[in-house]
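Hi,

Here is the structure I promised to pass on. Have a look at it first, and my notes follow underneath.

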Amino acid sequence: MRKTERHFVEDGPNSLRQIYKTVSPWKGVKNFVFIQIARYCPILELKNWIYRRILHMKVGRDTAFGLMVMVDVFFPEKITIGRNTVIGYNTTILAHEYLIREYRLGEVIIGDEVMIGANTTILPGVTIGDGAVVAAGSVVHRDVEPGTFVGGNPLRVIERKSP
């Protein structure tokens, strides 16, 4: 089960149409601009600097983000990534989800020495343990145990490393 905070909206249109009641539009614009710079930037240290200093993400030493990685525009500060981790090309990391009558926020914690394959989607409220491997194209909708190789949609365990 994902660890998310649920916030209900009762009046008016769906929760996404009411987004600026929960987050400043200027924060969204600023974050969007810097995320787009980081997505196309081939300089890994500059990307990490943007993520740490401007977006306030917690990013460990020697972590590398592939081209086109999309982090949460509205709540990037809810994302923590450990040291020496690789986030594959075009991966999306979300810390929010807006539904019809509610929205949910959740921390995303990715451990040390984790490998996230290309085109993976990581949903809010999940923890991916140290040394885990996520296959390309997966949807991470639940926690991943340390040292586990997972993949697919729905996510399933492919292999567990012995301790």
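Let's start with M68, which sits in the loop between strand 3 (64–65) and strand 4 (70–71). Bear in mind throughout that this is a predicted model. M68 comes out at 16% relative accessibility, so it counts as buried. Leaving aside residues up to four places away in sequence, M68 touches R39, Y40, Y89, N90 and T91. Its C-alpha atom is 9.8 Å from that of A118, although M68 and A118 are 50 residues apart along the chain.

One of those contacts, N90, has a quirk of its own. N90 lies in the loop between strand 6 and strand 7 (92–93), and its phi is positive, near 60°, in a residue other than glycine. With 27% relative accessibility, N90 counts as partly exposed. N84 is another one to look at: its phi is positive at about 55°, and it is not a glycine either. You'll find N84 in the loop between strand 5 and strand 6 (86–87), partly exposed with a relative accessible area of 40%. For context, most residues other than glycine have a negative phi, and most peptide bonds are trans.

That brings me to a peptide bond that is not trans. The one from N153 to P154 is cis, with omega near 10°. P154 lies in the loop between strand 16 and strand 17. Strand 16 (residues 148–151) and strand 17 (residues 156–160) pair in the antiparallel sense over four bridges, and T148 stands opposite R160 in strand 17. The hairpin has four residues between the strands, and there G152 takes a positive phi near 100°.

Now the helices. The axes of helix 1 and helix 2 come within 9 Å and cross at roughly 160°. Angles over 145 degrees count as roughly antiparallel, and helix 1 and helix 2 are therefore roughly antiparallel to each other. Their crossing is left-handed. On the helix 1 side the contact is made by K30, F34, I37, A38 and R39, and on the helix 2 side by K47, I50, Y51 and I54.

Which residues of helix 2 (residues 44–54) are buried? They are K47, N48, I50, Y51 and I54. The buried residues of helix 2 pack against helix 1 (25–40), strand 2 (58–59), strand 3 and strand 4. Right after helix 2 comes H56, whose phi is positive, near 60°.

Then there is the largest nonpolar core, with 39 residues, in which M57, V71, I93, I110, I122 and I128 touch the most other members. The elements giving two or more residues to this core are helix 1, helix 2, strand 4, strand 5 (79–81), strand 9 and strand 10 (108–110). Helix 2 gives the most, with three residues. Try clicking on I110: not counting residues up to four places away in sequence, I110 touches T80, I81, G82, T85, I87, I93, I122 and I128.

Last, a sheet. It is an open one of three strands in the order 1-9-8, with antiparallel pairing. Its edge strands are strand 1 (5–8) and strand 8 (96–98), each pairing on one side only. The twist averages 15° from one strand to the next. Strand 8 and strand 9 (residues 102–105) pair over three bridges, and Y98 stands opposite Y103 in strand 9.

Cheers

Conventions. Residues numbered from 1 in each chain as written. Predicted model: local features only at pLDDT ≥ 70, side-chain atom pairs only at ≥ 80, totals over all residues. Heavy atoms only, no water. Buried < 20%, exposed > 50% of the residue type's maximum accessible area, 1.4 Å probe, protein only. Contact = heavy atoms within 4.5 Å. Pairing = 2+ DSSP bridges. Axes fitted to C-alpha atoms, helices over the stretch in contact; angles between N-to-C directions. Core = buried A, V, L, I, M, F, W, Y, C linked by side-chain atoms within 4.5 Å. Parallel < 35°, antiparallel > 145°, perpendicular 65-115°, else oblique. Left-handed = near helix turned anticlockwise from the far one by under 90°.
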